[in-house]
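Me: I'm new to this structure and would like a close look at a single part of it. Could you take me through the last helix in your own words, and then show me what surrounds it?

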Amino acid sequence: MESYTHKRIYEILLVAKHPVFVADERIDGDSLGSSLALADYLKGRGVRVPVFVSEPIPAKYQFMPGIELCTTDRNVFSDPTIDLVVSFDCSDAAYVNGLHALTVNRPSIINIDHHATNTRYGNVNQVVTDSPATAEVVYRFFVENKIVPSREAATCLITGICFDTTVFSNSGTNERAFAAASDLMMGGARIQEVIRNMYQNRSVNVLRVWGAALERLNRHDTQSVVSTYLTRADIDGNGVTDDEVEGLSNFLNLATDADVLFVIRETADGGAKVSMRSTGPDVSLIAKQMGGGGHKKAAGFAVLSGSTVCTKEGCRQLVENALAVLK
Ligand SMILES: [Mn+2]
């Protein structure tokens, strides 16, 4: 089925004259890497595809080949000639359907993803839940259709795989990740450039914020669960952006032996973002229950403003409530 669907997607892409791509609402290395790699292929065929993103591209992704194709302009959807929408790494049907509603002729949606929580909202759905990254799904698209990705596309794809596997270290890392990565490197993917841009450029201020979170680490006595939180004062006081703080959960996941890890970050509107990592329990169940999404071993959800979860007690309570979902 996976192979058949790749061929079906290829047929649809070949006849589309004005497709528009949608990267996940939460911009990351995988949603960008997967969409830009396919955009690079279509560019080679003379079709320039805009990649819609929900917010300006963070600095650490500016090195990605083809990043200039990204646009935050929602008007790309009102172009009446748009004849195809392809979403990448978007598990949230409401986000994609909301953008699709802006189109004039309601073209087909191709949904390419690897999230367990994806609801298969597309007309064609290539949702491969045992894939380590949507970029790896797109890599398979290239292989199945006997397309050799350019060095630029290969670099985009390896960016997505490195991002979602935290450079082959987290539990999402499987043989598919290594097989794709080795093939992409032989095809000229610039993996050192990817690692340098995404991981080896953290400012001292960002590390100071991480330090505040490390000091507050709490081990919950009932299970092997570790949690911590960051307040606006931590983030704003050090003059860093939310995006720069990202990566803390992945770092902690690599550094502790807890079964489940919670990192709570207060958002500018007074709410909070909760990010979970697990080596055992399926945390996507918690995310789903709380209105979020993700994978079995890495998932997250948002907490509305007004609830105080970024305090020692608030954090403890939130974790207890979340764990109750698994019982
Ligand atoms: Mn992904």
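Reply: Here is a walk around helix H13, its neighbours, and then the rest of the chain for context.

A word on the model comes before the details. This is a predicted model, in which local features need pLDDT of at least 70 and side-chain atom pairs count only at pLDDT 80 or more, while totals for chains, interfaces and linings use all residues. Residues are numbered from 1 along each chain as its sequence is written.

Helix H13 covers residues 312-324. Helices (H or I, at least four residues) and strands (E, at least two) are DSSP runs, numbered from the N terminus. H13 has 13 residues and reaches 19 Å from its first C-alpha to its last, close to the expected 18 Å. That expected span is 1.5 Å times one less than the number of residues in the helix.

Which residues of H13 are buried? They are Cys315, Leu318, Val319 and Ala322. A residue is buried if 20 or more other C-beta atoms lie within 10 Å of its own, exposed if 12 or fewer, and partly exposed in between, with C-beta atoms placed from the backbone. The buried residues of H13 cover an arc of only 100° around the axis, which puts them on the same side of the helix. The arc is that of the directions from the helix axis to the C-beta atoms. A general point helps here: an α-helix has 3.6 residues a turn, so residues three or four places apart point the same way. On the other side of H13 you will find Glu313, Glu320 and Ala324, which are exposed.

Now for what the buried side meets. The buried residues of H13 pack against strands E7 (218-220), E8 (225-230), E9 (260-266) and E10 (272-278), and also against helix H12 (283-289). Contact here means that the C-beta atoms of two residues, placed from the backbone, lie within 7 Å.

One of these strands, E9, holds arginine 265. Arginine 265 counts as buried because it has 26 C-beta neighbours inside 10 Å. Leaving aside neighbours within four places in sequence, arginine 265 is in contact with Leu230, Val245, Ala272 and Lys273. Its C-alpha atom is separated by 9.6 Å from that of alanine 213, although the two are 52 residues apart along the chain.

Between E9 and E10 runs a loop, and glycine 271 sits in it. With 16 other C-beta atoms within 10 Å, glycine 271 is partly exposed. Setting aside neighbours within four places in sequence, glycine 271 is in contact with Ala302, Val303, Leu304 and Ser305. The C-alpha atoms of glycine 271 and threonine 308 are 8.1 Å apart, with their positions 37 residues apart along the chain.

Stepping back, where does the helix belong? The protein is divided into domain 1 (2-199) and domain 2 (204-324), with bounds that come from an automatic or database domain assignment. The C-alpha centres of the two domains lie 27 Å apart. Eleven residues of domain 1 are in contact with 14 residues of domain 2. By class, the side of domain 1 that touches domain 2 has two nonpolar, eight polar and one charged residues. In this count Ala, Val, Leu, Ile, Met, Phe, Trp, Tyr, Cys and Pro are nonpolar, Asp, Glu, Lys and Arg are charged, and the others, Gly among them, are polar.

The nonpolar cores add another view. A nonpolar core is a set of buried Ala, Val, Leu, Ile, Met, Phe, Trp, Tyr and Cys residues joined through C-beta atoms within 7 Å. The largest has 59 residues, of which Phe21, Val51, Val138 and Leu157 touch the most other members. Helix H5 (residues 151-165) gives the most to this core, with eight residues. A second, separate core of 33 residues includes Val225, Tyr229, Ile264 and Met276.

For a companion to H13, look at helix H6 (residues 175-186), which has twelve residues and reaches 17 Å from its first C-alpha to its last, close to the 16 Å expected. Its buried residues are Arg176, Ala177, Ala180, Ala181 and Leu184. They cover an arc of only 120° around the axis, which puts them on the same side of H6. These buried residues pack against H4 and H5, whereas the face turned away from them carries the exposed residues Glu175, Ser182 and Met186.
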